[in-house]
Amino acid sequence: MNRPFLIFLSVILFCFSLAGKEAESSNAPTGRTPGKAVSLDWTKPIPVPSPLTVSVSVKGGQPAQDPNGFGVQGKGSNRVDPGEALALRFQQDVMIDSIQLDAGKEGKIGGYLKIGNKTQNIVKTDRGRKGRKKSVVSLVGLGLLKRGDMLILDPSPLTPKSPSGSWKLIGLTARPFPQ
């Protein structure tokens, strides 16, 4: 191979290496490790004091918490329906390990979630489960949510071809970073 091509290839590989390191460093605070996982069961009142401080805002109605989970009392149900949404904000950096949504008897899994500046569809993954668990979807490995940023759960379709949803938040597991 000729020398100019090798130098060009080395420069390109170095740039990709830097870009990869920058992406890794923007996903987790430098030199910090998250603490123990804290699971919030939204089918029960959150204990006071809570092991993790979180504020919840709702769009499209009033908050509705009952033994079936956390939703919005708005468009004829206590589920979160299209046109409604949940926004969660933490008072410290947290690693969001998982979120559980339950579509119940008449709901459906769909919509999207936004964590910081990343957006993804909420899709149903049926692994042959029976009963109530068949209506539950667990979203795992969602990533870092910085202090003050919002985690938005919205049952509206992300794109015209994406499914809409109608569900309740039933669980959230996060690992807080030390402040």
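**Exercise 1. Place Leu40 in the chain and describe its surroundings.**

Leu40 sits in strand β1. Strands are DSSP runs of E with at least two residues, helices are runs of H or I with at least four, and both are numbered from the N terminus. The model is predicted: local features need pLDDT of at least 70, side-chain atom pairs count only at pLDDT 80 or more, and totals for chains, interfaces and linings use all residues. Residues are numbered from 1 along each chain as its sequence is written, and side-chain values use heavy atoms, without hydrogens and water.

Step 1: check burial. Leu40 has a relative accessible area of 5%. Buried means under 20%, exposed over 50%, and partly exposed in between, with a 1.4 Å probe and protein chains only. Leu40 is therefore buried.

Step 2: list contacts, meaning heavy atoms within 4.5 Å. Leaving aside neighbours within four places in sequence, Leu40 touches Ile46, Ser50, Pro51, Val54, Ile170, Gly171 and Leu172.

Step 3: look along the chain. Gly171 is 131 residues away from Leu40 in sequence, yet their C-alpha atoms are separated by 5.7 Å.

**Exercise 2. Outline the whole chain: which elements does it have, and in what pattern?**

Step 1: count. The chain has one helix and eleven strands.

Step 2: order them. The pattern is α-β-β-β-β-β-β-β-β-β-β-β.

Step 3: add burial and contacts. Of the 179 residues, 36% count as buried. Take the contacts with a separation of 6 or more: 75% of them join residues 24 or more positions apart.

**Exercise 3. Trace the pairing of β6 and of β7.**

Two strands pair if DSSP finds at least two bridges between them.

Step 1: start with β6, residues 94-102. Eight bridges join β6 to β9, and the two run antiparallel. Val94 has Leu145 in β9 as its bridge partner.

Step 2: ask why β9 counts as largely enclosed. Seven of its ten residues (136-145) are buried, so the rest of the structure largely encloses β9.

Step 3: turn to β7. Four bridges join β7 to β8 (residues 118-121), antiparallel. Ile115 stands opposite Lys118. The two strands form a hairpin with two residues between them, and Gly116 in the turn has a positive phi of about 65°.

Step 4: find another partner of β7. Four bridges also link β7 to β10, again antiparallel. Tyr112 pairs with Asp154 there.

**Exercise 4. Describe the largest nonpolar core.**

Such a core is a set of buried Ala, Val, Leu, Ile, Met, Phe, Trp, Tyr and Cys residues joined through side-chain atoms within 4.5 Å.

Step 1: size it. The core has 29 residues. Those with the most contacts inside it are Leu86, Ile96, Ile99, Leu101, Leu169 and Leu172.

Step 2: name contributors. Elements giving two or more residues include β1 (38-41), β5 (85-90) and β11 (168-176).

Step 3: zoom in on Ile96. Beyond four places in sequence, its contacts include Phe90, Ile115, Leu142 and Ala174.

**Exercise 5. Locate Asp93: is it buried or exposed?**

Step 1: place it. Asp93 lies in the loop between β5 and β6.

Step 2: read the area. Asp93 has a relative accessible area of 14%, so it is buried.

Step 3: find a distant partner. The C-alpha atoms of Asp93 and Arg147 are separated by 4.6 Å, with their positions 54 residues apart along the chain.
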